[in-house]
Amino acid sequence: MSDGIVARFKTRLGGFSLDVNLQLPGRGVSVLFGHSGSGKTTTLRCIAGLEKVPGELSVNGSVWQDENQFLPVHRRPLAYVFQEASLFPHLSVRRNLEYGYKRVVPEQRIISFDQAVHWLGVKSLLQRTPDRLSGGERQRVAVARALLTSPKVLLMDEPLAALDLRSKNEILPYLEDLHDTLSIPVIYVTHSADEVARLADYLVVMDNGGILTSGSLTETLASLNLPMKMGEEAGVVLEAVVGERDEKWHLARCDFPGGGLWARDLGLPLGHRIRVRVLARDVSLATQALAGTSIQNILPATIEQISNDAHAGLALVRIRIGESPLLARLTKRSVAALNLELGRSIWAQVKSVAVIEKG
Amino acid sequence: MNFDWQPVILSIKLASFTTITLLFVATPIAWWLSRTRVWYKQALAAVVALPLVLPPTVLGFYLLLLLGPDGPVGQLTQSLGLGLLPFTFEGLLVASVFYSLPFAVQPLQNAFESIGQRPLEVAATLRASYWDRFLTVAVPLARPGFLTASVLVFAHTVGEFGVVLMIGGNIPGETKVLSVAVYDHVETLEYPQAHILSAGMIGFSFLVLLALYVVNGRLHRGNHL
């Protein structure tokens, strides 16, 4: 029995053609990332069975769809969180939560009512009707309602896209927590690079109904066919721990495999797991370690790949520091002037680092 | 003045039976029309709406032929030992159901369509089967449509005249409903009796429609989300 999620769909819907071949890990968060119209939501709906298109799908060894069978949506042990919370307006929050819960036989319930209510912090909302909730509250209820079916896989279709920034920040920590509390795979659709950086373990980049690239978060972000599409958001996300704190200057060193980067100290204890996001535009390259610079982070690296960027004057350079990749956005004139070429040792100057706290 | 209440009671009985029957007949039709994408959908919708535009006499005429001793339905009812339907209360009920069908189907269809696909998809991902979704999501969300349909069918049936005359005739206690009784009273110049029934009908109809608008206005406000 194969582990993980294996999905293959191929179809034409109107003027749009979908052709995907996915192999997602059996746990952690897989993010389907792409512009609107790239086919990410359609793919998610195919996995849920909400769209019936030719293909194959198996989840942790059990077949949900192949040439001979198509398990209807309500028989698939999945949970789906839609972009709009879509609570039933005729039911109270409690009855909304109970809707799916009651339809799962007690022996198959893994998540108890109280557990879900506690995780998503919706206890005080139980007696209310959906029209008396804020956007963030509604989406939390929707997530709790979905989890109460004790799913084998959690599908989320841009659950934050319809929310304002405040509601987003209110609900993101809950999603990050779920990541650690749930042992089931999560497939998360988004067009937000920020959500990718915060939530993804595995990244699938979609474009035009197909898959552009996929793989672990760090390597996928650093694979050069993607950053061109990401514009200003091009960059990598590294898994790191807090390695040292400089209390005098309020800085903390974030150690990643191969090096360390100094960033603002968020007050996290030593050894705390974090993610650091380094944008390509914040990385510059030098042939010598410069003295007399304000840049704190200067690291030895090797050049791994150089490619064109979206603008004719710009190049994207992938460098490696130990095991970890970084991207640098340079002008082509600099590439020529510094005589940058593959395999060359170089100094990377990192101007800015964003630390993402993990739940 | 000797006033006969029997036509009033008969009208109310006929309207109640028609309403109940139509809720069962029209709901699946409306549900199907609201969900299907087959090419002949519009043709079927037009057939359902025919009684809106046809003169009641045309409808009555064909029903009479269909249900009569030589019609297919008439032969069936006879062979089942049910006798013939025309000029009975049951025949009147059948005719009323046809005559008021669009008044039930259209509000229900609108209500089902306005629910959209999303709540039903949500219910499916929450493990509800097709009929489970229909009963626990579609029907409750279509409540304003059910209310409108019931009230319109009831009121429309109380007001029907042409079809009754064609199919039911004028048999006291069996098919002589209120509207026919008014006609009778006027024919025989019994104006006071005609006044009582007619003025009563106007008041009744006004109250029914008023109640409908008030209640539906409230439901719509309450359902905003």
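**Two chains, one predicted model**

Me: In what order do the elements of chain B run from the N terminus on?
Reply: This is a predicted model, where local features need pLDDT of at least 70 and side-chain atom pairs count only at pLDDT 80 or more, while totals for chains, interfaces and linings use all residues. Residues are numbered from 1 along each chain as its sequence is written, and chains are lettered from A and ligands numbered from 1 in the order in which they are written. Elements are DSSP runs numbered from the N terminus: helices (H or I) of at least four residues and strands (E) of at least two. For chain B the run is α-α-α-α-α-α-α-α-α-α-α.

Me: What percentage of the residues of chain B count as buried?
Reply: Buried means that 20 or more other C-beta atoms, placed from the backbone, lie within 10 Å of a residue's own (12 or fewer is exposed, in between is partly exposed). The C-alpha atoms of chain B fill a box of roughly 65 × 45 × 30 Å along the principal axes. Of its 225 residues, the buried share is 36%.

Me: Which element gives the most residues to the side of chain B that touches chain A?
Reply: A contact here is two C-beta atoms, placed from the backbone, within 7 Å. By that count, 16 residues of chain B are in contact with 20 of chain A. Two elements of chain B give two or more residues to this side, α6 (118–125) and α7 (130–141). With 6 residues, the one giving the most is α6(B).

Me: Is α3(B) parallel, oblique or perpendicular to α5(B)?
Reply: Axes are lines fitted to C-alpha atoms, for helices over the stretch in contact, with angles from 0 to 180 degrees between N-to-C directions. Those of α3 (residues 56–67) and α5 of chain B come within 11 Å and cross at roughly 130°. Under 35 degrees is roughly parallel, over 145 roughly antiparallel, 65 to 115 roughly perpendicular, and the rest oblique. So α3(B) is, relative to α5(B), oblique.

Me: Which helix gives the largest share of the largest nonpolar core?
Reply: Such a core joins buried Ala, Val, Leu, Ile, Met, Phe, Trp, Tyr and Cys residues through C-beta atoms within 7 Å. This one has 153 residues, and V31(A) and L203(A) are among those touching the most other members. The largest share, 13 residues, comes from residues 89–115 of chain B, helix α5.

Me: Which helices are included in what covers the buried residues of α2(A)?
Reply: Helix α2 (residues 93–102) of chain A has several buried residues, including V93(A), L97(A) and Y101(A). Their cover includes, in chain A, α3 (113–119) and α4 (135–147).
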